[in-house]
Amino acid sequence: MIELREVSKIFNQGQPNECRALCGVSLDLARGGITAFKGPSGSGKTTLLALVGCLARPTSGRILLDGRLLSNLPERFLTEVRRHTFGFVFQQFNLIRGLTVLENVMLPAYPLGWPYRELVNAASILLDRFGLAAKASSRVEWLSGGEAQRTALARALINDPAVLIADEPTANLDSALSREVLTLLGELAGQGRTVLVSSHDPLVFDAAQVDRVVELHDGRIVRDAGRAREPS
Amino acid sequence: MRASLERQRYLLDYTLAALSRRKARNLGLLLAYTLLVFLFSAVLLLSQGLRREAALLLQDAPEVVVQQLMAGRHALLPAAWLDSLRQIRGVGSVKGRLWGYYYDPVIKANYTVMVAPDRSLAADQLIIGAGLARARRLGVADYFSLRAADGRALPFKISGVLDTHSELLSADLILLSEAGFRALFDFPPDHYTDAALTVRNPREAATIAGKIALALPGSRPILRAELLRTYDAVFSWREGMLFVTLGALLLAFMILAWDKTAGLSAEEKREIGILKAIGWETSDILAMKLWEGMLLSLTAFLAGYLLAWWQVFHDGARWFAPVLKGWAVLYPDFRLTPAVDLQQLLVLLGITVLPYIVATLIPIWRAAIADPDAAMRG
């Protein structure tokens with residue numbers, strides 16, 4: 001269970017270019033299923049996911065994971081939580097250029113020091129699952145949008161996280177590939193993972209696989225169509 | 001333990017891939033770094049090699065040299081002093097030496113002129129050093145005229161050229177007979193330039209020097225150890241001057257290294273952000289960058305040191321000789337004996353590798369402690 005209590009995020013606080021990305025957001029996210037965050041650009045979707053995934057700290061408010069307060073954890077423990085609990089798929093995929101598909105997928109596990117063979121096996125199973133086995137030794141800059149998206153997905157799963165966070169996972173894909181990605185996300189949710197996606201693509205928040213849609217506007221929750229309570 | 005080793009292996013793999021991705025930048029840095037290490041190493045290797053060489057050659061120098069002083073200046077030594085010196089207890093042999101300097105206006109060089117009694121030269125014969133032979137393009141059987149004290153040109157026949165092994169001290173040397181020397185400089189017959197002494201017990205050289213100073217109040221005894229110290233001081237001074245210059249170069253390089261890393265490109269910052277976002281800790285990023293710094297600096301160190309080794313021991317240190325050897329015109333051409341000094345190696349590592357690693361790690365650390373989200377946004 002992830003709980004957000006009165007969470008706010010202000011960028012460049014106290015400067016002329018100060019920006020309030022989130023304003024007092026409270027939200028409960030239960031285990032399992034797909035929750036989609038919708039809203040126009042600048043509504044705070046990406047910031048909300050970054051805060052939930054411990055990629056940034058809130059300016060105020062509290063974030064709890066299974067009752068454990070995350071927002072004031074020291075950096076080292078926060079990395080530990082991020083590494084074992086969350087897997088990320090970024091809007092621009094954020095694959096490391098110059099490395100192969102296999103190396104990119106293995107990358108999150110490097111600091112864990114797994115035996116090489118074991119790590120290659122785990123990565124190969126994921127690549128196989130996402131139809132990328134033939135591309136394992138290709139450099140990521142040679143991949144198509146769909147292939148890059150699936151590589152990013154495989155990388156997000158290498159450490160077997162409980163929560164998968166995908167920021168605009170269909171933004172760079174056509175409708176067919178978008179449906180393919182939604183099917184994959186549905187499968188992952190079906191295995192008991194919690195999937196959080198941000199999108200302004202109707203294909204995503206209207207999809208059958210999505211259990212809950214939370215709508216944001218100007219950093220506030222304006223609609224929560226699902227099991228959670230309405231924003232205060 | 002195994003996981004820790006595997007982790008380092010993965011980080012090293014990643015570092016190598018990262019280095020090859022930014023080839024142009026890293027090659028430029030590597031070249032500048034190699035040049036810096038080369039300059040430092042060459043100066044250190046050359047000056048230490050020269051010191052060693054001078055010490056070896058001075059092993060054959062007399063244990064004590066006695067000069068006469070007049071008004072605090074070196075004056076000619078009366079032949080009668082030789083007998084007085086022989087009577088001092090502990091003194092072995094005493095030989096009067098004749099030597100001086102000759103200025104050659106043709107090549108604007110000073111020669112050291114010495115009498116070599118053991119060479120049995122005729123009054124019109126001389127032997128010259130290899131440096132002088134090169135500079136004046138002279139060889140055995142050629143005639144070489146020197147201007148005598150009264151202005152006459154005295155022709156000498158060259159009977160030999162000194163071999164290059166002893167060139168450190170003999171590049172500018174002219175060896176003459178006693179008759180030839182006295183004729184050339186109009187040197188008084190009952191005087192010598194100084195006296196060379198051997199002592200029965202070398203450990204008592206300093207005590208005997210004290211006795212000489214007491215017995216002959218106008219004398220100045222010089223010990224071989226003092227000569228060695230003088231050579232050492234001269235080379236240290238020259239080395240110091242060069243190091244001050246190179247120190248400025250090192251500082252410039254550190255500023256360059258700092259600038260290169262402090263001004264991390266947006267792509268590098270983003271990469272650090274991505275790595276942190278996917279589960280790397282700040283310490284993983286720092287370890288990876290430490291590998292990068294070590295690979296770069298140790299490669300540069302090895303390349304620079306080997307290049308300096310080649311330059312000093314196999315190429316005659318041609319680029320540095322004019323500053324460190326110190327001969328104005330006649331540069332000796334000789335090979336130093338290669339030697340590795342562990343302490344010297346560690347000092348070089350300390351002044352080149354450590355500052356680089358420190359200069360690069362601080363900016364990386366600053367970038368690595370930022371939130372992944374902020375780092376990715378740049």
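Start with chain A and its contacts between residues at least 6 apart in sequence: 67% of them join residues at least 24 apart. Keep in mind throughout the tour that this is a predicted model.

**Stop 1: chain A as a whole**

Select chain A and switch on a cartoon view. You should find seven helices and 10 strands. Of the 232 residues in this chain, 47% are buried.

Now colour by confidence. The mean pLDDT of chain A is 90, and 97% of its residues reach 70 or more. Then pick residues 227–232 of chain A, where pLDDT stays under 50. For that stretch the model has 11 contacts beyond four places in sequence.

**Stop 2: a sheet in chain A**

Next, select strands S2, S1, S4 and S5 of chain A, in that order. Together these four strands make an open sheet with antiparallel pairing. Its edges are S2 (19–29) and S5 (68–69) of chain A, each of which pairs on one side only.

Zoom in on S1 (residues 2–11) and S4 (residues 60–65) of chain A, which run antiparallel and are joined by five bridges. To see one of these pairs, show Ser8(A): its bridge partner in S4(A) is Ser60(A).

**Stop 3: a covered helix**

Move to helix H1 of chain A, residues 45–52. Are its residues mostly covered or mostly uncovered? The helix is mostly covered, with eight of its eight residues buried. Display the side chains from one end to the other: the buried residues include Lys45(A) and Thr46(A) as well as Leu48(A), Leu49(A) and Val52(A). Step just past the end of H1(A) and you reach Cys54(A), which has a positive phi of about 65°.

**Stop 4: the nonpolar cores**

Stay in chain A and select Val105(A), Met106(A), Leu127(A) and Ala154(A). These are the residues with the most contacts inside the largest nonpolar core, which has 87 residues. Helix H5 (residues 145–157) of chain A gives this core its largest share, six residues.

Centre the view on Ala154(A). Leaving aside residues up to four places away in sequence, Ala154(A) touches Val105(A), Leu126(A), Leu127(A), Phe130(A) and Leu132(A).

For a second, separate core, select Trp81(B), Tyr111(B), Leu132(B) and Ala133(B); they are among its 36 residues.

**Stop 5: chain B as a whole**

Now show all of chain B. Its secondary structure comes to 13 helices and 13 strands. Buried residues account for 32% of its 378 residues. Among contacts in chain B between residues at least 6 apart in sequence, 81% join residues at least 24 apart.

**Stop 6: strands of chain B**

Select six strands of chain B in the order S5-S6-S10-S7-S9-S8: they form an open sheet with mixed pairing. S5 (99–104) and S8 (143–147) of chain B stand at the edges with a single partner strand each, so one side of each has no neighbour in the sheet. Ignoring direction, neighbouring strands here are turned by 40° against each other on average.

At the S8 edge, look at S9 (residues 153–161) of chain B: five bridges join S8(B) to this strand, and the two run antiparallel. Ser145(B) is a good residue to click, as it stands opposite Pro155(B) in S9(B).

Then select S12 (residues 194–199) of chain B. Three bridges join it to S1 (residues 64–70) of chain B, in an antiparallel arrangement. Within S12(B), Ala195(B) is the bridge partner of Val66(B). Five bridges also link S12(B) to S4 (residues 91–97) of chain B, again antiparallel. Here Lys95(B) stands opposite Ala196(B).

**Stop 7: Leu349(B)**

Find Leu349(B) in helix H12 (residues 342–368) of chain B. Is Leu349(B) buried or partly exposed? With 15 other C-beta atoms within 10 Å, Leu349(B) is partly exposed. Add Ser297(B), which lies 52 residues away along the chain; the two C-alpha atoms are separated by 9.3 Å.

**Stop 8: where the chains meet**

Finally, show both chains. Their contact takes 23 residues from chain B and 24 residues from chain A. On the side of chain B that touches chain A, helices H1 (2–21), H9 (266–277), H10 (282–313) and H13 (372–377) each supply at least two residues. H1(B) gives the largest share, nine residues. Colour this side of chain B by residue type to find 12 nonpolar, three polar and eight charged residues.

How values were computed:
Residues are numbered from 1 along each chain as its sequence is written. Chains are lettered from A and ligands numbered from 1 in the order in which they are written. This is a predicted model: local features need pLDDT of at least 70, side-chain atom pairs count only at pLDDT 80 or more; totals for chains, interfaces and linings use all residues. Two residues are in contact if their C-beta atoms, placed from the backbone, lie within 7 Å. Ala, Val, Leu, Ile, Met, Phe, Trp, Tyr, Cys and Pro count as nonpolar, Asp, Glu, Lys and Arg as charged, and the others, Gly among them, as polar. A residue is buried if 20 or more other C-beta atoms lie within 10 Å of its own, exposed if 12 or fewer, and partly exposed in between; C-beta atoms are placed from the backbone. Two strands pair if DSSP finds at least two bridges between them. Axes are lines fitted to C-alpha atoms, for helices over the stretch in contact, and angles run from 0 to 180 degrees between N-to-C directions. pLDDT is the predictor's confidence in each residue, from 0 to 100. A nonpolar core is a set of buried Ala, Val, Leu, Ile, Met, Phe, Trp, Tyr and Cys residues joined through C-beta atoms within 7 Å.
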